[in-house]
Amino acid sequence: MSDIHAIPYKIYLEEHEMPKAWYNVRADMKNKPAPLLHPGTHQPMTAADLEPVFCKELVQQELDDVTPYIDIPQEIQDFYKMYRPSPLVRAYCLEEKLQTPAKIYYKFEGNNTSGSHKLNSAIAQAYYAKKQGLKGVTTETGAGQWGTALSMACAYLGLDCQVYMVKCSYEQKPFRREVMRTYGAQVTPSPSNTTEVGRKILAEHPGTSGSLGCAISEAVEAAANQEGYRYVLGSVLNQVLLHQSIIGLETKAALEKYNITPDLIIGCAGGGSNLGGLISPFVGEMLRGEKQYRIIAVEPASCPSLTRGKYAYDFCDTGMVTPLAKMYTLGSNFIPSASHAGGLRYHGMSSTVSQLYHDGFLEAVSVEQTKVFEAATYFAKVEGILPAPESSHAIRVAMDEAIKCRETGEEKTIVFGLTGTGYFDMVAYQRFNDGEMTDRIPTDEELAASLAQLPKVE
């Protein structure tokens with residue numbers, strides 16, 4: 001702990017040092033992410049195709065892969081100041097307990113009521129919906145962080161908010177559901193009988209615990225059937241990664257204050273919003289040939305889209321109503337086991353993250369949830385934060401890398417994203433504490449059956 005006085009436990013930016021623009025990593029990518037395709041014609045989606053589903057301004061952000069920086073409107077900057085800048089924490093206590101020469105930092109996004117990084121994009125999407133004069137928005141949520149964040153943003157701006165929550169999370173996380181309702185959102189367990197696509201999924205998979213893919217289908221249908229409503233999404237899309245780039249921009253600025261260059265950047269990966277947001281500015285330097293980093297995406301072994309999926313065009317949802325995206329996917333009808341990291345239970349991966357992974361700018365590993373919760377409880381005891389199950393995937397690999405440094409004597413600098421807190425995930429912690437948690441890893445046969453049903457795109 002020799003440099004304890006040189007670098008504080010928490011590095012905070014001043015408000016005037018906060019980013020004034022989001023960074024669009026696609027502008028620096030030589031190989032751009034493949035375009036979204038129309039589900040009927042398989043032609044690239046145009047703004048006119050997307051505007052009936054998404055807010056107009058968000059469609060522009062979705063399709064823009066040339067503008068490197070997009071200004072953050074003043075109203076959003078002002079809202080951010082309620083909980084940003086978020087701290088970059090030096091994990092001195094963890095380093096000491098692990099007896100590692102590695103230096104470990106984590107960007108903590110859990111210091112707002114939504115409990116996660118999701119508010120960064122929720123307020124942006126709600127702002128553009130309000131600006132367009134809409135009545136409300138529909139969305140899906142897994143573990144509930146996105147739904148909570150969106151309900152907060154909508155309450156602030158006076159918009160109606162309708163949330164389709166993955167059924168197993170709806171049942172496992174009643175308190176997060178109640179936070180959404182407290183902020184005025186209407187929350188429906190998905191798949192439900194309230195939509196045509198929900199009824200169809202229930203007929204095909206009776207008693208299903210649901211998935212993000214199911215919930216997306218229902219939310220898209222609900223938006224399409226109501227005048228003055230649009231659909232918003234908490235991950236996967238380019239616009240979301242754009243808004244989440246504030247995480248990486250702040251992280252980079254905080255590190256530069258103390259002339260720190262990370263060797264290793266680690267994030268959990270479900271749809272790609274937090275990972276994409278954290279790594280964007282660092283990948284930008286790699287794309288421009290300025291610096292080199294090692295970046296690791298960590299996903300659950302129960303839903304291993306990067307490590308065992310196929311790079312292909314697929315539907316973003318189970319009901320096959322959304323555009324086709326080229327991404328690492330397990331197949332849109334793959335319904336993962338009811339693991340506790342609900343936010344990572346998605347069959348695909350952001351097309352931007354997928355392209356970067358395909359081009360070798362990041363690597364990916366998958367981890368079992370029992371190992372994840374071992375790391376989560378260890379971290380809680382040592383660093384004093386009860387982490388979200390999703391973030392704990394990154395903690396697991398950060399700890400593993402720090403232990404490797406103990407063995408080799410290397411003084412690597414490790415940065416990982418702590419996307420949120422786990423205070424509403426106590427059913428998961430209870431299962432772990434009671435020794436009832438198991439690991440359900442899909443077989444090659446199960447994945448092959450799902451991938452065999454990928455849409456045929458020429």
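Trainee: Across which strands does α6 lie, and at what angle does α6 run to β6?

Mentor: This is a predicted model. In it, α6 lies across β6 and β7 (160–166). Its direction relative to β6 is about 165°.

Trainee: Which helix lies across β6, β7, β8 and β9?

Mentor: Look for a helix running at about 170° to β6. The one that lies across these four strands spans residues 212–224. That is helix α10.

Trainee: What is the strand order of the open sheet?

Mentor: The sheet has four strands, with parallel pairing. Its edge strands, β8 (186–190) and β9 (229–231), each pair on one side only. Neighbouring strands are turned by 20° against each other on average, direction ignored. The order is β8-β7-β6-β9.

Trainee: Which residue of β9 is the bridge partner of Gly136?

Mentor: β6 and β9 run parallel and are joined by three bridges. Gly136 has its bridge partner in β9. That partner is Tyr229.

Trainee: How far does helix α5 reach from its first C-alpha to its last?

Mentor: α5 covers residues 119–131, which is 13 residues. At 1.5 Å a residue, 18 Å is expected. The reach in the model is close to that value, at 18 Å.

Trainee: Why is α5 described as largely enclosed by the rest of the structure?

Mentor: Buried means under 20% relative accessible area. Among the α5 residues that meet this are Leu119, Ile123, Tyr127 and Tyr128. α5 has 13 residues, and it is largely enclosed because the number buried is eleven.

Trainee: Which elements do the buried residues of α5 pack against?

Mentor: Two of the partners also belong to the sheet region discussed above: β6 (136–141) is a strand of the open sheet, and α6 (145–157) lies across β6. The full set of partners is β2 (21–23), α2 (56–63), α3 (74–80), β6, α6 and α11 (238–257).

Trainee: What phi does Gly133 take?

Mentor: Gly133 comes just after α5. Its phi is positive. The value is about 85°.

Trainee: Is Ser114 buried or exposed?

Mentor: Ser114 sits in the loop between β5 (103–108) and α5. Beyond its neighbours within four places in sequence, its contacts are Leu119, Gln145, Thr148, Ala149 and Met152. Its relative accessibility is 2%, so Ser114 counts as buried.

Trainee: Which side chain makes a polar contact of 2.5 Å with the side chain of Ser114?

Mentor: Ser114 is a loop residue between β5 and α5. The polar contact joins two side chains at 2.5 Å. The partner of Ser114 is Asn112.

Notes
Residues are numbered from 1 along each chain as its sequence is written. This is a predicted model: local features need pLDDT of at least 70, side-chain atom pairs count only at pLDDT 80 or more; totals for chains, interfaces and linings use all residues. Side-chain values use heavy atoms; hydrogens and water are left out. The expected span of a helix is 1.5 Å times one less than its number of residues. Buried means under 20% relative accessible area, exposed over 50%, partly exposed in between (1.4 Å probe, protein chains only). Contact means heavy atoms within 4.5 Å. Two strands pair if DSSP finds at least two bridges between them. Axes are lines fitted to C-alpha atoms, for helices over the stretch in contact, and angles run from 0 to 180 degrees between N-to-C directions. A polar contact is a pair of N or O atoms within 3.5 Å; within protein, one must be able to donate a hydrogen and the other to accept it, and residues adjacent in sequence count only if both atoms are side-chain atoms.
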